[in-house]
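Visitor: I have a model on my screen. Can you show me how to read it, feature by feature?

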Amino acid sequence: MEIDWPALRALAAQTAASAHAPYSKLQVGAAGQVGDGRVIVGCNVENASYGLTLCAECGLVSALHASGGGTITAVSVRTPDGSCLLPCGRCRQVLMEAGGPALLIDTEDGPVELDRLLPSAFTQTDLPGRG
């Protein structure tokens with residue numbers, strides 16, 4: 001399936017404008033394509049207790065499951081002005097579960113597979129009883 005990177009980038013930037021970021025002022029939006037062609041979005045939602053802040057990528061994964069599940073195949077993370085951001089370490093792990101090592105993450109230099117950004121990721125095969 002073809003990935004429309006310009007459209008994903010624009011949608012991520014548009015979604016970032018809806019973010020709730022009263023503390024850091026860093027509005028972040030994420031747009032992703034699902035294997036069945038659906039496009040999903042998420043934005044960051046900050047909390048006065050910083051550790052409870054929800055990253056845009058977490059909202060994206062929530063939207064994935066709320067809209068029927070599946071596997072995310074491509075993700076772009078942007079600010080409202082279109083600047084590219086990379087997922088933080090926590091979000092890379094969350095995205096690994098939702099898309100796997102071949103998930104394409106948009107970077108300033110173009111898309112790269114998630115396993116390059118998160119080598120040796122913890123996965124379900126690391127859990128007890130993985131048999």
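Guide: We will go through the sheet, one residue in it, a helix, an aromatic pair, the cysteines and some backbone angles. Keep in mind that this is a predicted model.

Visitor: Start with the sheet. In what order do the five strands lie?

Guide: The general idea comes first. Strands of a sheet pair through backbone hydrogen bonds, either parallel or antiparallel. Here the order is E2-E1-E3-E4-E5, in an open sheet with mixed pairing. Strand E2 (39–43) and strand E5 (112–113) are the edges. Each has a single partner strand, so one side of each lacks a neighbour in the sheet.

Visitor: What packs on the sheet?

Guide: Helix H1 (residues 5–16) does, and H1 touches E1, E2, E3 and strand E4 (104–105). The direction of H1 makes about 50 degrees with that of E3.

Visitor: In which sense do E1 and E3 pair?

Guide: Antiparallel, over six bridges, between E1 (residues 29–34) and E3 (residues 72–78). Within these strands, alanine 31 stands opposite serine 76.

Visitor: Is serine 76 buried or exposed?

Guide: Read the relative accessible area. For serine 76 the value is 0%, so this residue is buried. Serine 76 lies in strand E3. The residues that serine 76 touches include Trp5, Leu8, Arg9 and Ala12, as well as Gly29, Ala30 and Ala31.

Visitor: With which side chain does that of serine 76 make a polar contact?

Guide: With the side chain of aspartate 106, at 3.0 Å.

Visitor: How do I read a helix? Which residues of H2 are buried?

Guide: An α-helix has 3.6 residues a turn, so residues three or four places apart point the same way. In H2, the buried residues are Ala56, Glu57, Cys58, Leu60, Val61 and Leu64. Their cover includes E1, E2, E3 and helix H3 (89–99).

Visitor: Now the aromatic rings. How many aromatic pairs does the structure hold?

Guide: One. Tyrosine 23 and tyrosine 50 form this pair, edge-to-face, 6.0 Å centre to centre with 90 degrees between the planes. Tyrosine 23 sits in the loop between H1 and E1, and tyrosine 50 in the loop between E2 and helix H2 (56–66), so the pair ties together parts 27 residues apart in sequence. Tyrosine 23 is partly exposed at 40% relative accessible area. Tyrosine 50 is exposed at 58%.

Visitor: How many disulfides does the structure hold?

Guide: Zero. Cysteine 55 is in no disulfide; its nearest cysteine sulfur belongs to cysteine 91, 3.6 Å away. To judge such a distance, use the cut-off: a disulfide needs sulfur atoms within 2.5 Å. The sulfur of cysteine 88 also has its closest cysteine sulfur in cysteine 91, at 3.6 Å, too far for a bond. Cysteine 88 is partly exposed, with a relative accessible area of 35%.

Visitor: Last, backbone angles. Where does glycine 68 take a positive phi?

Guide: Just after H2, with a phi of about 120 degrees. Next, look for positive values in residues other than glycine. Lysine 25 is one such residue, with phi near 65 degrees. Lysine 25 lies in the loop between H1 and E1, and is exposed at 61% relative accessible area.

Visitor: What is the phi of serine 120?

Guide: Near 55 degrees, again a positive value in a residue other than glycine. Serine 120 lies in the segment after helix H4 (114–117). At 78% relative accessibility, this serine counts as exposed.

Note on methods: Residues numbered from 1 in each chain as written. Predicted model: local features only at pLDDT ≥ 70, side-chain atom pairs only at ≥ 80, totals over all residues. Heavy atoms only, no water. Pairing = 2+ DSSP bridges. Helix = DSSP H or I, 4+ residues; strand = E, 2+ residues; numbered from the N terminus. Contact = heavy atoms within 4.5 Å. Axes fitted to C-alpha atoms, helices over the stretch in contact; angles between N-to-C directions. Buried < 20%, exposed > 50% of the residue type's maximum accessible area, 1.4 Å probe, protein only. Polar contact = N/O pair within 3.5 Å; in protein donor to acceptor, adjacent residues only side chain to side chain. Phe/Tyr/Trp six-rings, centres within 6.5 Å; stacked < 30°, edge-to-face > 60°.
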